[in-house]
Amino acid sequence: MPSFAIEVPGEANPLNEDLLVRTLHSAASSDSHQIQTGTKQLQQWERTDGYYKNLQSAYIDTRLPVELRYLAIIQLKNGIDKYWRKTATNAVSKDDQNAIRSRLIPSCLQESEDGLALQNALVIAKIARFEYPNDWPDALSALVQTLRSQVPPLQLARALLALLHIVKELSTARLQRSRQNLQAATPEIVHVLSTLYTDSVAYWLPRLGGNVDHETAAAMRLSLMAMKVLRRLIITGYEHPNRHEEVVAVWSATQQHLQRFLQQGETEKLALQLAKLHHEMAREHPAAFALLPNSIDLTLAYWGLTKAYGESFGAHGTVQAAVSNAKIGTDGDSDEKSTTEKLALRGLLILRACVKILHSPAQTFKHRSPSDKAEKSQATALIREQLLTPQLVQDMTETLITRFFVFRASDLRDWEAEPEEWEKREEGLGEDWEFSLRSCAEKLFLDLAINYKDLLVQPLLRVFYSVATPECEDVLFKDSVYTAIGLAAPVVFEELDFDAFIRDVLVVEVQKRGPGFNVLRRRVAILLGQWISVRVSERRLVYQIFEFLLGTGDLLNDQVVRVTAGRQLSRVVDDWNTKAEELEPSLGSILTSLMALIDEVELTETKMALLNTISVIVERMEHRIAPFAEKIVGMLPQLWEASGEEHLMKQAILTILARLVNAMKADSVPLHGLVLPIIRGAVVPGSETEPYLLEDALDLWASLIVQMPSPTQEALDLIPLLFPIYDFGSEELRKALEITESYLLLAPAHMLSNLTRLPLFAALASLFAALKNKPEANGMVCNIIELAIRQAHRLGGAAAVEQTASDLVAVGFLGKLLEGLRGSWTAHCTTGPRAVHAPVDGVVETDYLAILARLILGSLEGFSNAILASAPQVPTSQGSGRTSLEETMGWLLQEWFSHLENIGDPGRRKLMALALTRLLDLPQQQRFVLGNLQSLMTMWTDVITELRDPNAEEISTTLEQRRGDSLVYSAQQTGEPHEAAEDAQRRVLMYSDEVHVIGLPGFVTEALGRAVAGQGGMEAFRREWVGNVDVDVLRGFLGLGVM
């Protein structure tokens, strides 16, 4: 057929079946240009009516090449997820859906190619998930009817394949309704499938033993497929499988068959399906598992099989003999596990499920009715009395330790042949314990140790004491016992003096030289990592052991031993009780060994693990890491370059740099030249690394600015890159705001310069409007504005505050702030059914008012002008427009005073009191400030009383002493010897804060004095204003002695 390349836009190619076939030819060709144009055309047709119906037609046409039909069915399958839902944009039309649906099952039953049949079955399952039973009620019944009929074996197999994938889809659906629909159809399907399964097994089982003919093999495949469907239906299709006769019949048949299948090599796959059914029943339906016929005997049979397999599992004799005896393809050496091993693993999983049934019932059982509770009680009684007897528990524990904790011969050979790969694989097995026999054995042992402590601890300790001597040189057995003691640390720590064991045994054993002692050295590193958080006092000895294990001077410290020690050291150092002074003597040697090991290993994951250990050490050692910082930093550029596209490594490097900067404080200045360009590269908008490194780069940036004693131009040049990050939200926003605040502390003059100030305020203003309902983020924005006002006042006095206020008006920040407060005032004026929800309240409103308070204290004139300029931006019931200062201050003061009682922080209450008192100096104070004199006196009485030292009244002798203010600090305290530069900057700012400098009683006295004088004296003041104050309020205020 001639090649066909599409060169014109999709709109110029109206869709029809012939054109689609030619386009599929292009997309499936070997020519890259044709592939590109054909694929592009298919993508353009995705939203065109008829496209998916024609794809199905192409798939059904057996005259077309297989690869073309394969492409057609794949395109159809991918389109189901995107466009089949009725609510999807450009959804497949109803007529096309009906046409596609009508041809699905017939085309599936007739398909001769296995790969195409599988893809078609997946299409059927996806559509069934959307449409069964409402729009496709016969999806299951049509397939079941095929299974009932006398059809050719191919059609029977295809019906089972489609049914299998439909059951998979419906059983994993998120909607409860989908699972309920499956459960409604389950009994009939199970009845049909169980008959098919038992009949087919009865046909082929007697014929095994010689050469298996084609018909027998086909019947065996039929049994396997039927069991796959049955297994899923029985587990997901019933709430209580044990209450249904058809399930009981299948369960009994599986037990009879399993015993027969284990004797035949040809039935391994079917035996594994039965084992999966037994395990899943124990895990998903614990009560049903225990109550189904002969389940206890079945579990004991699994244990017998597992125990017998354990005889050949672990290596025997010396390490050298085990290694030399290890043959390729034996001792579990092949990539594929043997069937016996897989069955033994299922046995351990079933036993672990049984332990959970008995000892973790809250997490295992779901109670819905009294009968459920009764079944739970019956099930747990059966497990306790007939299965998990003391004899079996002891037998299991002994077998696990002596058989399954012991290394295989092939493990030891792989240790020598591929040490780094082997170590990585062993390290990762703990996460995939359900797929590893040794890891599963460890989990089961820990369950037994925890739940049968009284039964197992003493026998375990007796075995431990028998091998825990330097004289015992049975390395493999000792390794398995130490494995058990490490796992059981939380259980045996009260009975075992582990510190004495470290002093008397481990220190000697790690230094012993002999064949196989590298195995023991690896185990010692793991054992110390397991015990360190449980009970270890001999920390110096532990660090010396790790120092020795990481050294290359001893040949027994092979790569596996050193990498394992490097990994475990992070657990040891990261423990809560680690003291830097105890680790310091070994620090130099340990870091040198770790850095050399990072250079030696090849796997990125191993390098990252070792780098993480250094990172943890840096964090724990704090300033003591300084002598080693240059060495640590020196290895990072090479790791950065070698990592290429491995962003996880780059993230680890950024983390260790951040920890170095935090640990070294001001001594980290020499690192800044290296770090700042890395930060710039990671945070520049649109850079390749930004999506991967932004979060870690922000952490590093924040650490750098916090520890920087004085700003550098390179650090200041990064500031504009902060503003785009404000749009990211979430964790990145929080970190960007923290960095902004740190810059205001580090370089206030630069941040408030014309170059930076307005872009900063504009970015914060656009962010501010969106954060009303996010108190934490809103508080961070308000804190930055508040800090900017304070820094402006400190650097330039009232004039600088006036300029700052003017800029906040210009960018709309103050207008948005007043709009929020106006909305709250309006809401608080409404009650009953017509009550309105306040747009800002609580801590958010406190943050808003704190900004106004700082403006008042910085420049009263600047505040007044800002309020006047911002008021027209605030919508009112009369709309926006020119509003007088008196009008705005009227509602604002009413809201401010009403909010005071909701402020719990004494410092914030005092700040509000200072600002509101400062308003008495406004020229227009008699119109709107003194009109609130009663509220002022109430506030003064509450706040001054709160700030006074309760003991001062008893010992004070002068009026001045009785006017105390506990928030006024007499002298500036000195900082810690090793403190962050930002801590010193914050301390200076705190000791210059009006809240901690001005005594509120004296401030009120002076402000009232000026107000009284402005009203023509005390008599006029009393007549005009004091007469309107409640008598009790006035009496309480006068009792303060401030007037």
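Here are a few notes on this predicted model, point by point.

1. Start with how far to trust what you see. The mean pLDDT for the protein is 89, and 93% of its residues get to 70 or more. Two stretches to treat with care are residues 326–335, where pLDDT stays under 50, and residues 953–962, where the pLDDT is below 50 as well. The model gives residues 326–335 20 contacts beyond four places in sequence, while residues 953–962 have seven contacts beyond near neighbours in sequence.

2. Next, have a look at residues 38–110. UniProt lists them as "domain: Importin N-terminal", and the entry is unreviewed. In the model, this part of the chain is 73% helix and 0% strand. Its end C-alpha atoms sit 29 Å apart.

3. Now the inside of the protein. Which residues touch the most other members of the largest nonpolar core? They are Ile617, Ile625, Trp701, Tyr743, Leu852 and Trp940, out of 350 residues in that core. Helix H41 (residues 775–810) supplies the largest share of the core, with 14 residues.

4. Isoleucine 625 is a good one to click on, since you've just met it in that list. Setting aside neighbours within four places in sequence, isoleucine 625 is in contact with Leu587, Leu591, Ile617, Val618, Ile632, Leu660, Ala663 and Met664. Notice that Ile617, one of those partners, is also named among the core residues that touch the most other members.

5. On to the backbone oddities. Most peptide bonds are trans, and most residues other than glycine have a negative phi. With that in mind, check the bond joining tyrosine 132 and proline 133: it is cis, with omega about 0°. Proline 133 is found in the loop between helix H6 (114–131) and helix H7 (139–148).

6. Asparagine 294 isn't a glycine, yet its phi is positive, at about 60°. You'll find asparagine 294 in the loop between helix H13 (286–291) and helix H14 (295–313). Is this residue buried or partly exposed? Asparagine 294 counts as partly exposed because its relative accessibility is 49%, and the partly exposed class runs from 20% to 50%.

7. Lysine 665 is another non-glycine residue with a positive phi, this time about 55°. Its loop runs between helix H33 (647–664) and helix H34 (669–683). Is lysine 665 buried or exposed? Lysine 665 has a relative accessible area of 17%, and buried means under 20%, so this lysine counts as buried.

Note on methods. Residues are numbered from 1 along each chain as its sequence is written. This is a predicted model: local features need pLDDT of at least 70, side-chain atom pairs count only at pLDDT 80 or more; totals for chains, interfaces and linings use all residues. Side-chain values use heavy atoms; hydrogens and water are left out. Helices (H or I, at least four residues) and strands (E, at least two) are DSSP runs, numbered from the N terminus. Buried means under 20% relative accessible area, exposed over 50%, partly exposed in between (1.4 Å probe, protein chains only). UniProt positions are given in the numbering used here, feature names are shortened, and annotations may be inferred rather than shown by experiment. pLDDT is the predictor's confidence in each residue, from 0 to 100. Contact means heavy atoms within 4.5 Å. A nonpolar core is a set of buried Ala, Val, Leu, Ile, Met, Phe, Trp, Tyr and Cys residues joined through side-chain atoms within 4.5 Å.
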